[in-house]
Amino acid sequence: MTAIRFGLCCQFLDAPIRFRTATHRYVWSLTPARRRTYLRQIAADNAAALSAAVTACRSLGIGAFRINSQILPLGTHPRSGYTLERLDPSGAVPEAFRRAGELARAEDVRLSFHPDQFVVLNSERPEVVSSAVEELEFQAAIGELVGADTIVFHGGSGAGGADAALDRLARGLDRLSDRARHRAALENDDRIFTPSALLPVCRAAASVASSTLMASGWQRWWCAS
């Protein structure tokens with residue numbers, strides 16, 4: 001039987017838990033050394049905030065937490081972007097995120113992501129699709145680190161008609177790595193795609209994922225909610 005969990009989305013209004021953000025304009029005004037220090041401290045603070053969020057959710061009887069998609073702000077920015085490995089060669093910050101994930105598993109708090117609206121995997125513009133793929137891969141890497149099993153995103157653009165848009169979506173999904181694909185879940189919206197419209201794409205992607213991933217011992221179904 002599937003358990004239904006109450007979930008909390010991204011932020012707290014009545015608890016002193018805050019996830020820090022950053023802007024490219026400010027970050028790019030810093031020297032390279034100060035830039036790394038500044039972003040590394042934000043990453044460390046946000047790892048600590050994630051652990052605090054998990055603890056707060058558990059105390060409130062909330063079984064799921066959606067991580068802010070900017071938990072590592074500017075990570076995929078074309079100029080000020082970074083990876084955790086380059087940002088913190090010591091490994092202390094990645095380890096803090098791993099501990100947050102271990103805490104979530106111990107407290108039975110499910111973690112997930114929901115990318116921002118600029119992630120449009122079926123855009124007619126190739127550069128937008130490439131950016132979407134990069135962002136989904138970045139979030140999948142964080143998801144792997146903290147044990148988040150789902151990245152929920154919308155079908156995207158309806159440009160060119162539903163059939164063409166869904167075809168582009170299927171081709172966009174094909175560009176994702178196994179790490180991103182097995183976490184991806186398609187979500188309907190209130191304007192363009194219904195669950196029934198997304199279902200054929202989900203089934204086709206699940207079939208591909210199944211044949212690809214069975215050899216590694218696990219399988220995940222794509223779903224529309």
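These notes walk through the sheet, two helices and the ring contacts of a predicted model.

1. **The sheet.** Start with the overall layout. Five strands make an open sheet, ordered E1-E2-E3-E4-E5, with parallel pairing. E1 and E5 (184-187) are the edge strands, and each pairs on one side only. From one strand to the next, the twist averages 30°.

2. **E1, E2 and E3.** Strand E1 covers residues 7-9 and strand E2 covers residues 64-67; three bridges join them. Here Cys-9 stands opposite Arg-66 of E2. E2 is also joined to strand E3 (residues 110-113), by four bridges, and the two run parallel. Ile-67 has Phe-113 in E3 as its bridge partner.

3. **E4 and E5.** Strand E4 spans residues 150-154 and runs parallel to E5, with four bridges between them. One facing pair to look for is Ile-151 opposite Ala-184 in E5.

4. **A helix on the sheet.** Helix H2 (residues 32-60) packs on the sheet. H2 touches E1, E2 and E3, and its direction makes about 155° with that of E2.

5. **Checking H5.** Does the length of helix H5 (residues 126-146) agree or disagree with the expected span? H5 has 21 residues, so at 1.5 Å a residue it should span 30 Å. Its end C-alpha atoms are 30 Å apart, which agrees. Just after H5 comes Gly-147, with a positive phi of about 80°.

6. **Phe-19 and Phe-65.** The model has three aromatic pairs. One of them is Phe-19 with Phe-65, which is stacked: the centres are 6.3 Å apart and the planes 25° apart. Phe-19 sits in the loop between E1 and helix H1 (24-27), and Phe-65 in strand E2, so the pair ties together parts 46 residues apart in sequence. Buried means under 20% relative accessible area. Phe-19, at 14%, is therefore buried. Phe-65 is buried too, at 1%. Phe-12 joins Phe-19 and Phe-65 in a cluster linked by ring pairs.

7. **Tyr-26 and Tyr-38.** This aromatic pair is edge-to-face, at 5.1 Å centre to centre with 70° between the planes. Tyr-26 belongs to helix H1 and Tyr-38 to helix H2, twelve residues apart. Are these rings buried or exposed? Tyr-26 is partly exposed, with a relative accessible area of 39%. Tyr-38 also counts as partly exposed, at 22%.

8. **A charge over a ring.** Look last at Trp-28. Arg-35 lies over the face of this ring, 4.2 Å from the ring centre.

Notes: Residues numbered from 1 in each chain as written. Predicted model: local features only at pLDDT ≥ 70, side-chain atom pairs only at ≥ 80, totals over all residues. Heavy atoms only, no water. Pairing = 2+ DSSP bridges. Axes fitted to C-alpha atoms, helices over the stretch in contact; angles between N-to-C directions. Contact = heavy atoms within 4.5 Å. Expected span 1.5 Å × (residues − 1). Phe/Tyr/Trp six-rings, centres within 6.5 Å; stacked < 30°, edge-to-face > 60°. Buried < 20%, exposed > 50% of the residue type's maximum accessible area, 1.4 Å probe, protein only. Lys NZ or Arg CZ within 6 Å of the ring centre and 35° of its normal.
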